[in-house]
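Colleague: I am new to this one. Show me the model, and then let me ask how you know what you say.

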Amino acid sequence: QYTVYKCKDCPTLCLDSLVLQVHKFLHQDLTYFFCPDCDFVFGLPSKLKRHYFLSHEKILDSELEHVVDLESRVDITLKIQEHLTNSDLGKVEVVDNFLEASLDAKLILDEISMNEEVEKIPLHTLRQ
């Protein structure tokens, strides 16, 4: 007998809650930045620049040239799901990196959304 985890947004079923957590990132409009010299993906441009400088000893000119497109984002997510289901311990770093990038991107999305809500509050209701 298996426990099955179902996505609320589509018919996808997962046998692992972590795989479902990774799958859910497909349904969010998150921006990722990729390293042009290796397979790392980041949710913040500052993390990409830091990684590039520390790992490759170079300065990245513009992170905007390294935004992951939607098709690649789907491919990355599906590969991560496959890695999780195969449970190879050597791939844990890749999964951790992707989850961290996703959480970074989600935090930025949440902050933007919160700022938009704050902007809607009438000034007379705010205490000064």
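What follows is a set of questions about terms and the values behind them.

Modeller: First, the ground rules. This is a predicted model, where local features need pLDDT of at least 70, side-chain atom pairs count only at pLDDT 80 or more, and totals for chains, interfaces and linings use all residues. Residues are numbered from 1 along each chain as its sequence is written, and side-chain values use heavy atoms, with hydrogens and water left out.

Colleague: What makes up the protein chain, in helices and strands?

Modeller: The protein chain has four helices and four strands. Their order from the N terminus is β-β-α-β-β-α-α-α. Helices (H or I, at least four residues) and strands (E, at least two) are DSSP runs, numbered from the N terminus.

Colleague: How much of the protein chain counts as buried?

Modeller: Of its 128 residues, 27% count as buried. Buried means under 20% relative accessible area, exposed means over 50%, and partly exposed lies in between (1.4 Å probe, protein chains only).

Colleague: And what is the accessible surface of the protein chain?

Modeller: About 9200 Å², with 54% of that belonging to carbon and sulfur atoms. Such areas come from the Shrake-Rupley method with a 1.4 Å probe; for residues, only the protein chains shown count as cover.

Colleague: Let us take helix H2 (45-56). How do you know that its length agrees with the expected span?

Modeller: The expected span is 1.5 Å times one less than the number of residues. For the 12 residues of H2 that gives 16 Å, and the end C-alpha atoms are 16 Å apart, so the two agree.

Colleague: Which residues of H2 are buried?

Modeller: Leu-48, His-51 and Tyr-52. They cover an arc of only 100° around the axis, so they sit on the same side of H2. The arc is that of the directions from the helix axis to the C-beta atoms. On the other side, Ser-46, Arg-50 and Leu-54 are exposed.

Colleague: What do the buried residues of H2 pack against?

Modeller: Strand E3 (33-34) and strand E4 (41-42).

Colleague: Why is His-51 called buried?

Modeller: Its relative accessible area is 12%. The limit is under 20%, so His-51 is buried. Beyond its neighbours within four places in sequence, His-51 is in contact (heavy atoms within 4.5 Å) with Cys-35, Cys-38, Phe-40, Phe-42 and His-56.

Colleague: What comes just after H2?

Modeller: Glu-57, with a positive phi of about 55°. This is a residue other than glycine. Glu-57 is in the loop between H2 and helix H3 (70-86).

Colleague: Is Glu-57 buried or exposed?

Modeller: Exposed, because its relative accessible area of 69% is over 50%.

Colleague: Two cysteines touch His-51. Why is there no bond between Cys-35 and Cys-38?

Modeller: A disulfide is a pair of cysteine sulfur atoms within 2.5 Å. The sulfur of Cys-35 is 3.5 Å from that of Cys-38, its closest cysteine sulfur, so this is too far for a bond. Cys-35 counts as buried, because its relative accessibility is 3%.

Colleague: How many disulfides does the whole structure hold?

Modeller: Zero. Cys-14, for one, is in no disulfide, and the nearest cysteine sulfur, in Cys-7, is 7.6 Å away. Cys-14 is buried, at 5% relative accessibility.

Colleague: Now the aromatic pair. Why is it called stacked?

Modeller: Rings of Phe, Tyr and Trp (its six-membered ring) pair if their centres lie within 6.5 Å; planes under 30 degrees apart count as stacked, over 60 as edge-to-face and the rest as tilted. The rings of Phe-40 and Phe-42 have centres 6.1 Å apart and planes at 20°, so the pair is stacked. Phe-42 is buried at 10% relative accessible area, whereas Phe-40 is partly exposed at 28%.

Colleague: What makes Phe-98 buried?

Modeller: Its relative accessibility is 2%, so it counts as buried. Phe-98 lies in helix H4 (residues 92-120). Leaving out residues up to four places away in sequence, Phe-98 touches Val-22, Phe-25, Tyr-32, Ile-76, Thr-77 and Ile-80. Tyr-32 is 66 residues from Phe-98 in sequence, and the C-alpha atoms are 9.4 Å apart.

Colleague: Which residues of helix H1 (residues 17-24) are buried?

Modeller: Val-19, Leu-20, Val-22 and His-23. Their arc is only 160° around the axis, so they are on the same side of H1.
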